[in-house]
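Biologist: Could you walk me through a structure and show me where the descriptive words come from?

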Amino acid sequence: MLTAGPGLLWLAVFFYLPLALILGVSFLSRGELGEITRPFTLENYRRLLGFGLLGFEPLYPQILVRSLGLGLVSTLGCVLAGLPLAFFIARLPPRWKTAALTLVVIPFWTNLLVRTYAWQVLLAPEGWLARLAAALGLVPAGTALYPGVGAVLVAMVCDFLPFLVLPLYASVEKVDWTLAEAAADLGARRWQVFRHALLPQIQPGLAAGAVLVFLPATGQFVIPDLLGGARTVLLGNAIQQQFGPGLDWPFGAAIATVGLAAVLAGMGVLRRLAGRHAGEGEFG
Amino acid sequence: MVAREGAQPGTLARAADGPPAEAAVAVTALSRRFGAVVALDQVSLEVRRGEFFSLLGPSGCGKTTLLRLIAGLDQPDAGAVIIGGRPATHLPPHQRPVNTVFQSYALFPHLSVRDNVAFGLRLRKVPAAECARRVRAVMELTRITELADRRPAQLSGGQKQRVALARAVVNEPEVLLLDEPLGALDAGLRRELRGELRALQRRLGLTCILVTHDQEEALAVSDRIGILRAGRLEQVGPPARLYDQPRTRFVAGFLGACNLVPVLGAASGPAGAPALETPHGAVAWSPAAAAGGGPPRTLAVRPENIELVPAPGPAGENGDLWLRGQVREAVFAGAQMQYQIETPGGWWRVHQPAGQAGGPLTAGVPVTLRVPAAAWRMLED
């Protein structure tokens, strides 16, 4: 208890208290000059649901769905890219492992903005990726590969991959490979070996990694802004808009609160999905 | 085929379709190298249907490698594997009609005992009702019924071993592969379980290949044993024959205790009969019986085939060898007394049934050894 004390205090002052403030503010109103005033109201949430001054307009539900969708697809992309990578690294000779893990982490040493602008260069019409795509006949010559959904996803997956690979690798490293042999011996094909013998073993690392990607990916708006074009509004920039230029803190707080709830719900779904993979006696 | 008395009809009895090929497994000139190490060198072997075959040898002799090549968990560098008459050298493990009991058991930790046992049947999409029936029958046979809902982490070593056995047997494999299945258990439990294993094998008519380094275990359960040394099959045969007629020094030394006597050269026995000269005197030898033609380099005598007598008998009679010596060490080993006896020509190990008239000899007592002519075995190197 004594040792938990400082931690709890820290959490209370720097995490729960601000969170409670946000929650509280989200039920207040915006004053003439953008100050936070009474009365207490549910107006912010009504507006969020789409009932504004101009009648029903589901702008914010769309933003929410778009953000969650981006987070989910990015997570999925990271899982698809990270699984083979984690297994590949785990089966390297020991001295190569450290080098490979360092390579995974290196992009973190550069600022996110710099990395994203770098993608603009890479995907620009005169960039070698665009030329390669043109040479393969995928796009007409001289076309930029951004802005677009594809560019956003590529950048998102590359940015968040380390968050998934590191915890996943820790699980893959501990895998008992005789279980894979036992499954094959009992008649499992390659996919079934993975599904029934390996997945249950790496499930904790996979779930942790997926959450670590899903959380920031859902709130991310810099990458979609710079690579998505057309100024897609997402949770992140919607909140920033209200707290910044919009000067409507109560409404921003309401968006933040709903966003947080949605992300927590999404995590619950992820956990449920991951948990079922480790479930007993389930075959498919 | 071994009779399958007592097997419930339709549950574990295999359909006797197809011609009963004599060999359940045949490997020919199988070789496997790991880098510079030759794990298996041109091994050829046939295991008969319904047979309990043991691969015996010290660690690193290649016995587990051979088992893994049969299971398909590893690929040979040369040679062929034939299972049930069909070529299987390049089949992946899931297409081979064999199942393995792993040394570490390799039970799925996230599944209950029942789901572990049902694993193979469910993968092969056996209908649920039949699957449940077969799982129940095998769990009863292996006496793990009351453990059905437990997870592997909640089981003792012996229980895990039973579950691993049930998980393999329920698939009715053509060949059951056992990789040191009892290696992790204590001596008493090991003896009990190997008896159960043998009984189960007889009852279901299973073909088993057991990998073990425990010679006592191999002798106790096997129909035939193959002794592996440094990647080569040294000798194959029924336990009693291997014990009584070891072909090489290695086999003689590995299976039970043995007195090895070097041959110094050829000599002439009484009346000019061919004989071998040893540090203990001349030993009768028939060149016709020698496989290689020349005289053997080593002779062997089992310690229990030597007699201790109070006084020397008439020398030379029936070719028996009489030696005077002194007991240097006497060890009580339950059913027998084990002596180390020093004679002018060298030391001898002699085992005598305990409780003989006159009581056990003690260190320092002078004795006379009689080595019967029939006790000598000629060994290759």
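What follows is a chat about the terms used for this structure.

Modeller: One thing up front: this is a predicted model. Let's start with chain A, which has 12 helices and four strands. Its C-alpha trace spans about 70 × 65 × 40 Å along the principal axes. Of the 284 residues of chain A, 32% count as buried.

Biologist: Sticking with chain A, what share of its contacts with a separation of 6 or more comes from residues 24 or more positions apart?

Modeller: That share is 67%.

Biologist: Now a pair of helices. Why are helix 5 and helix 7 of chain A called oblique to each other?

Modeller: Look at the angle. Helix 5 (residues 112-123) and helix 7 (residues 149-173) of chain A pack at about 135°, and their axes are 11 Å apart. Roughly antiparallel needs an angle over 145, and roughly perpendicular runs from 65 to 115. An angle of about 135° fits neither of those, so helix 5 and helix 7 of chain A are oblique. The crossing of these two helices is right-handed.

Biologist: Which residues meet there?

Modeller: From helix 5 of chain A you get A:Leu112, A:Arg115, A:Thr116, A:Trp119 and A:Leu123, and they meet A:Ala151, A:Ala155 and A:Asp159 in helix 7 of chain A. By class, the residues of this contact are five nonpolar, one polar and two charged.

Biologist: Over to chain B. What makes helix 2 and helix 4 of chain B roughly parallel?

Modeller: Helix 2 (residues 113-123) and helix 4 (residues 157-169) of chain B pack at an angle of about 30°, with 7 Å between their axes. The cut-off for roughly parallel is an angle under 35 degrees. With about 30° in hand, helix 2 of chain B counts as roughly parallel to helix 4 of chain B. Their crossing is right-handed. On the helix 2 side of chain B, B:Val113, B:Asn116, B:Val117, B:Phe119 and B:Gly120 take part, and they meet B:Val163, B:Ala166 and B:Arg167 of helix 4 in chain B. That contact has five nonpolar, two polar and one charged residues.

Biologist: How do you know whether B:Val221 is buried or exposed?

Modeller: Count the neighbours. B:Val221 has 22 other C-beta atoms within 10 Å, and a residue is buried at 20 or more. So B:Val221 is buried. This residue sits in helix 6 (residues 215-221) of chain B.

Biologist: What does B:Val221 touch, leaving out residues up to four places away in sequence?

Modeller: B:Val221 touches B:Phe52, B:Ser54, B:Arg194, B:Leu197, B:Arg198 and B:Leu210. As for B:Tyr339, it is 118 residues from B:Val221 in sequence and 28 Å from it in space, C-alpha to C-alpha.

Biologist: There's a sheet in chain B too. Why are strand 12 and strand 14 of chain B said to stand at the edges?

Modeller: The sheet is open, with three strands in the order 12-13-14 and antiparallel pairing. Strand 12 (265-268) and strand 14 (281-284) of chain B each have a single partner strand, so one side of each has no neighbour in the sheet. On average, neighbouring strands here are turned by 45° against each other, direction ignored.

Biologist: How do you know that strand 12 of chain B pairs with strand 13 of chain B?

Modeller: Two strands pair if there are at least two bridges between them. Strand 12 and strand 13 of chain B are joined by four bridges and run antiparallel, so they meet that cut-off. One place to look is B:Ala267, which stands opposite B:Ala275 in strand 13 of chain B.

Biologist: And how many bridges link strand 13 and strand 14 of chain B?

Modeller: Four bridges, again in the antiparallel sense, with strand 13 covering residues 274-278. B:Leu276 stands opposite B:Val283 in strand 14 of chain B, and B:Thr278 stands opposite B:Gly281. These two strands of chain B form a hairpin with two residues between them.

Biologist: Last one: how many residues does each chain give to the contact?

Modeller: Chain A gives 17 residues and chain B gives 20. On the chain A side, helix 8 (177-185) and helix 9 (190-219) are the elements that give two or more residues. Helix 8 of chain A has the largest share, six residues. That side of chain A divides into nine nonpolar, four polar and four charged residues.

Conventions
Residues are numbered from 1 along each chain as its sequence is written. Chains are lettered from A and ligands numbered from 1 in the order in which they are written. This is a predicted model: local features need pLDDT of at least 70, side-chain atom pairs count only at pLDDT 80 or more; totals for chains, interfaces and linings use all residues. Two residues are in contact if their C-beta atoms, placed from the backbone, lie within 7 Å. Ala, Val, Leu, Ile, Met, Phe, Trp, Tyr, Cys and Pro count as nonpolar, Asp, Glu, Lys and Arg as charged, and the others, Gly among them, as polar. Axes are lines fitted to C-alpha atoms, for helices over the stretch in contact, and angles run from 0 to 180 degrees between N-to-C directions. A crossing is left-handed if the near helix is turned anticlockwise from the far one by less than a right angle, and right-handed if clockwise. A residue is buried if 20 or more other C-beta atoms lie within 10 Å of its own, exposed if 12 or fewer, and partly exposed in between; C-beta atoms are placed from the backbone.
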